[in-house]
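Biologist: Could you walk me through this one? I'd like to start with the sheets and then move to the ligand.

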Amino acid sequence: MIWRNWSGRQEAEPLAVASPGDEAGFVDAVALARREGWSVRAVGAAHSHSRVAAPDGLLVETDDWHGLVDGDVVDGIGHDGQPVVRVRSGTRIHQLGEPLHRLGLALVNQGDIDRQSIAGATATGTHGTGPTLQNLSAAVVGARLVTAGGEVVDCDATNEPDLFALARHSLGAVGLVTELSLRVRPRYRLDERQWFAPPGEIMGDLDRLVADTRHFEFFWVPERDLCACKSLDELPPDAEPDPVDGPIAPVEQVAKRERRGWSHQIISSIRDDRHTEMEYGVPAEAGPACFAEIRELILERFTDLQWPVEYRTLAADDQLISVAAGRPTVTISVHQDVALDDRPLFEACEEVFRRHDGRPHWGKVHYRTGGELADLHVGYRRWWELRDRYDPDGVFVTADLAALRP
Ligand SMILES: Cc1cc2nc3c(=O)[nH]c(=O)nc-3n(C[C@H](O)[C@H](O)[C@H](O)COP(=O)(O)OP(=O)(O)OC[C@H]3O[C@@H](n4cnc5c(N)ncnc54)[C@H](O)[C@@H]3O)c2cc1C
């Protein structure tokens with residue numbers, strides 16, 4: 001069997017495939033891999049552009065393991081006063097919207113799309129936009145996983161805190177995650193506005209746009225040298241219930257629009273055009289200068305580029321290997337068509353990101369070595385030390401991951 005990721009750019013040949021439909025199936029998968037001496041790699045929706053999900057031993061599919069556990073709120077207090085729900089690891093983010101809504105709840109934030117599995121999205125630090133909003137891994141307050149030793153372990157900030165620190169942002173390298181406890185919030189409605197503006201105008205007003213909006217982002221479209229902007233603001237609970245108008249399209253394809261709806265209907269878009277992507281997080285204060293250099297580079301050297309550059313904000317967190325660990329962050333991503341060679345564009349952009357102390361997104365293309373990653377992330381060596389303690393035989397280390405060892 002040949003495994004391919006969403007874009008088709010990453011391929012791998014797993015030795016065997018398991019598709020557990022219950023927790024015992026995940027335990028059996030680890031036991032089988034140990035007997036055979038195979039590595040184990042869980043795969044969610046295979047939406048990572050990097051090789052983080054590429055299996056070289058046992059591929060564990062998680063599509064048959066989804067839904068809210070107990071279909072209820074686990075704990076209404078204790079996590080900054082916010083409710084917590086328990087979710088099976090293979091649940092796609094779009095499968096969470098309605099069940100949470102029925103409980104009067106919603107995810108705190110989402111990314112551009114909602115097709116990822118919750119375990120896959122949190123494993124790589126998937127994020128949306130908003131200066132007060134952290135990545136999805138930061139919303140994980142507990143995890144249940146099958147360890148390399150085949151045990152089912154629950155962990156959180158007080159019970160097995162080291163394992164928890166790994167499991168919430170695991171790169172698939174810590175165990176087979178079967179359930180995640182997620183901090184959510186009361187459901188909320190958003191007012192979305194989309195418009196085009198020249199980059200000079202947006203950059204001149206950027207601080208205000210970011211500060212005044214719950215989620216602000218723009219896609220700079222090189223062929224038009226225009227920014228497709230999107231802002232989402234929370235509506236008061238008593239605001240008029242306008243229906244969502246029309247299909248959700250990528251922001252760069254929409255001239256001007258305003259619509260309203262519940263957060264799970266509004267935040268994510270549909271992105272079916274196959275592409276590959278590089279994304280870096282730079283310190284927030286470096287964002288404008290870094291974007292200016294990327295724009296200049298593309299206008300000078302990549303004049304045929306048909307794909308936009310995305311600019312988003314991300315709140316700091318305290319996770320070991322998060323792109324936003326310890327610093328408010330701006331994320332900038334560059335896309336290329338899957339039919340084209342992405343390397344010249346991505347290598348040139350990576351040079352710019354390096355100059356701005358950028359950290360690569362774990363689920364997107366980068367060319368950094370383990371030593372360089374250790375220089376970029378204060379917690380990187382610690383993450384590996386802890387990982388090796390819980391999995392000394394490297395059951396969850398593929399050859400691709402081993403290449404990133406510091
Ligand atoms: C069109 C598109 C849009 C995107 N938009 C965004 C965005 O807005 N923001 C952003 O930050 N990223 C974005 N991404 C990147 C994407 O969110 C991440 O790569 C994410 O990790 C993909 O989730 P997945 O379920 O496909 O996981 P996969 O790619 O299948 O796996 C990712 C990692 O999770 C691990 N994993 C999965 N399930 C388990 C489990 N049960 N136990 C242990 N480990 C597990 C895998 O082993 C792997 O290491 C986008 C990608 C695409 C293709």
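Modeller: One convention is needed before the sheets: two strands count as a pair if DSSP finds at least two bridges between them. Please also keep in mind that this is a predicted model.

Biologist: Fine. What is the strand order in the open sheet of three strands?

Modeller: The order is β3-β5-β4, and the pairing is parallel. Because β3 (16-18) and β4 stand at the edges with a single partner strand each, one side of each is left without a neighbour in the sheet. From one strand to the next, the twist averages 25°.

Biologist: And over how many bridges do β3 and β5 pair?

Modeller: Strand β5, which covers residues 58-61, pairs with β3 in the parallel sense over three bridges. Within that pairing, Ala 18 has Val 60 in β5 as its bridge partner.

Biologist: What about the sheet of eight strands, is the pairing parallel or antiparallel?

Modeller: The pairing there is antiparallel, in an open sheet that runs β16-β13-β15-β14-β18-β19-β17-β20. The edge positions belong to β16 (257-262) and β20 (359-360), each with a single partner strand, so one side of each is left without a neighbour in the sheet.

Biologist: Which strand pairs with β16?

Modeller: That is β13, residues 189-197, which pairs with β16 in the antiparallel sense over six bridges. As an example of the register, the bridge partner of Asp 191 is Arg 260 in β16.

Biologist: Switching to the ligand, which residues come nearest?

Modeller: There are 37 residues around the ligand, and those that come nearest are Ala 42, His 47, Ser 48, Asp 112 and Thr 124.

Biologist: Where are the polar contacts to the ligand's oxygen atoms?

Modeller: One ligand oxygen atom is 2.8 Å from a polar backbone atom of Gly 44. On the side-chain side, an oxygen atom of the ligand is 2.7 Å from an N or O atom of Ser 48, and for Thr 124 the distance from a side-chain N or O atom to a ligand oxygen is 2.7 Å. Taken alone, the ligand exposes 970 Å², of which the protein buries 99%.

Biologist: Which elements give two or more residues to that shell?

Modeller: Those elements are β4 (40-43), α3 (118-123) and β11 (176-183), with the largest share, four residues, coming from α3. Both domain 1 (68-186) and domain 2 (189-360) supply at least three residues each.

Biologist: How many of the shell residues are charged?

Modeller: Five are charged, alongside 18 polar and 14 nonpolar residues.

Notes:
Residues numbered from 1 in each chain as written. Predicted model: local features only at pLDDT ≥ 70, side-chain atom pairs only at ≥ 80, totals over all residues. Heavy atoms only, no water. Near = heavy atom within 4 Å. Polar contact = N/O pair within 3.5 Å; in protein donor to acceptor, adjacent residues only side chain to side chain. Areas by Shrake-Rupley, 256 points an atom, 1.4 Å probe, with all protein chains shown as cover. Nonpolar A, V, L, I, M, F, W, Y, C, P; charged D, E, K, R; others polar. Domains from an automatic or database assignment. Axes fitted to C-alpha atoms, helices over the stretch in contact; angles between N-to-C directions.
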